[in-house]
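Student: I should like to learn how to read a protein model feature by feature. Could we work through one together?

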Amino acid sequence: MTTYVISVPGTFTGTVQDATTDELARALRPDDPHGTHLGDEEDLDALSVNDDGTFTIRLTVEADTAAHAESRAKEIADSALRTAGLDRGSAPLGPTLVTGIDSDV
């Protein structure tokens with residue numbers, strides 16, 4: 001298995017309170033990229049929110065292939081958004097992207 005760091009972009013379609021983004025960040029904590037060698041070096045946060053309502057979720061995922069890692073990351077992001085009280089209409093996600101691979105190979 002390989003550890004992938006996956007970026008999942010999205011957009012909040014309305015105003016989102018700080019408490020909601022805090023809850024989203026807590027829901028993402030188990031998959032925080034700071035838990036990998038790459039995350040420590042790059043100082044990657046699990047959630048970055050921009051002033052224009054766009055955001056990026058960065059996750060670490062163990063998988064055999066990049067495609068599987070991207071699919072799993074999307075599932076984790078969707079679940080965290082639902083935990084924070086957001087749905088696909090209020091926080092649609094864009095295409096995932098592998099931004100790092102942490103492997104012993």
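Tutor: The discussion below moves from the overall fold to the sheet, the core and the charged pairs. Please keep in mind that this is a predicted model.

Student: How many helices and strands does the protein chain have, and in what order do the elements run?

Tutor: One begins by listing the elements from the N terminus. The protein chain has 3 helices and 4 strands, and its elements follow one another as β-α-α-β-β-α-β.

Student: Which order do the strands take in the sheet?

Tutor: The order in the sheet is read from the pairing of strands. Here 4 strands make an open sheet, arranged β2-β3-β1-β4, with antiparallel pairing. Strands β2 and β4 are the edge strands, each pairing on one side only. From one strand to the next, the twist averages 20°.

Student: How many bridges join β1 to β3, and how many join β1 to β4?

Tutor: Each pairing can be followed bridge by bridge. β1 and β3 are antiparallel and pair over 10 bridges; within this pairing, Val5 has Thr60 of β3 as its bridge partner. β1 and β4 also run antiparallel, joined by 5 bridges, and Ile6 has Val98 of β4 as its partner.

Student: What of β2 and β3?

Tutor: Strand β2, residues 47–49, pairs with β3 in the antiparallel sense over 3 bridges. Val49 is matched with Phe55 of β3. The hairpin of these two strands has 4 residues between them, and Gly53 in this hairpin takes a positive phi near 90°.

Student: Where do the helices lie relative to the sheet?

Tutor: One asks which strands a helix crosses and at what angle. Helix α1 lies across β2 and β3, and its direction makes an angle of about 155° with β2. Helix α3 lies across β1, β3 and β4, running at about 125° to β3.

Student: Which residues have the most contacts inside the largest nonpolar core?

Tutor: A core is read by its members and by the elements that supply them. The largest nonpolar core has 22 residues, and those with the most contacts inside it are Ile6, Leu24, Leu28, Phe55, Ile57, Leu59 and Val61. At least two residues of this core come from each of β1, α1, β3 and α3. The largest share, 6 residues, is supplied by α3.

Student: Why is β3 described as largely enclosed by the rest of the structure?

Tutor: The reasoning rests on burial, for which the cut-off is under 20% relative accessible area. In β3, 8 of the 10 residues are buried, so the strand is largely enclosed by the rest of the structure. For the protein chain as a whole, 40% of its 105 residues count as buried.

Student: Is Ser7 buried or exposed, and what does Ser7 contact?

Tutor: One combines the element, the accessibility and the neighbours. Ser7 lies in strand β1, residues 2–11, and is buried, with a relative accessibility of 11%. Neighbours within four places in sequence aside, Ser7 is in contact with Thr56, Ile57, Arg58, Pro95, Thr96, Leu97 and Thr99. On the scale of the protein chain, 73% of the contacts between residues at least 6 apart in sequence join residues at least 24 apart.

Student: How should I read the salt bridges, and how many are there?

Tutor: Side chains of opposite charge can pair when their charged atoms come close. The count here comes to 3 salt bridges. In one of them, the side chains of Arg26 and Glu23 meet at 2.9 Å, N to O. These two residues are 3 apart in helix α1, residues 18–28, and so are separated by about one helical turn. Both are partly exposed, Arg26 at 42% relative accessible area and Glu23 at 27%.

Student: Where are the salt bridges of Glu75 and Arg88?

Tutor: Glu75 pairs with Arg72, the closest N and O atoms being 3.2 Å apart. Glu75 and Arg72 are 3 residues apart in helix α3, residues 66–83, which again places about one helical turn between them. Glu75 is partly exposed at 44%, and Arg72 is partly exposed at 38%. Arg88 and Asp78 form a salt bridge at 3.2 Å, N to O. Arg88 lies in the loop between α3 and β4 and Asp78 in helix α3, so this pair ties together parts that are 10 residues apart in sequence. Arg88 is exposed at 61%, whereas Asp78 is buried at 13%.

Note on methods: Residues are numbered from 1 along each chain as its sequence is written. This is a predicted model: local features need pLDDT of at least 70, side-chain atom pairs count only at pLDDT 80 or more; totals for chains, interfaces and linings use all residues. Side-chain values use heavy atoms; hydrogens and water are left out. A salt bridge is a side-chain nitrogen of Lys or Arg within 4 Å of a carboxyl oxygen of Asp or Glu. Buried means under 20% relative accessible area, exposed over 50%, partly exposed in between (1.4 Å probe, protein chains only). Contact means heavy atoms within 4.5 Å. A nonpolar core is a set of buried Ala, Val, Leu, Ile, Met, Phe, Trp, Tyr and Cys residues joined through side-chain atoms within 4.5 Å. Two strands pair if DSSP finds at least two bridges between them. Axes are lines fitted to C-alpha atoms, for helices over the stretch in contact, and angles run from 0 to 180 degrees between N-to-C directions.
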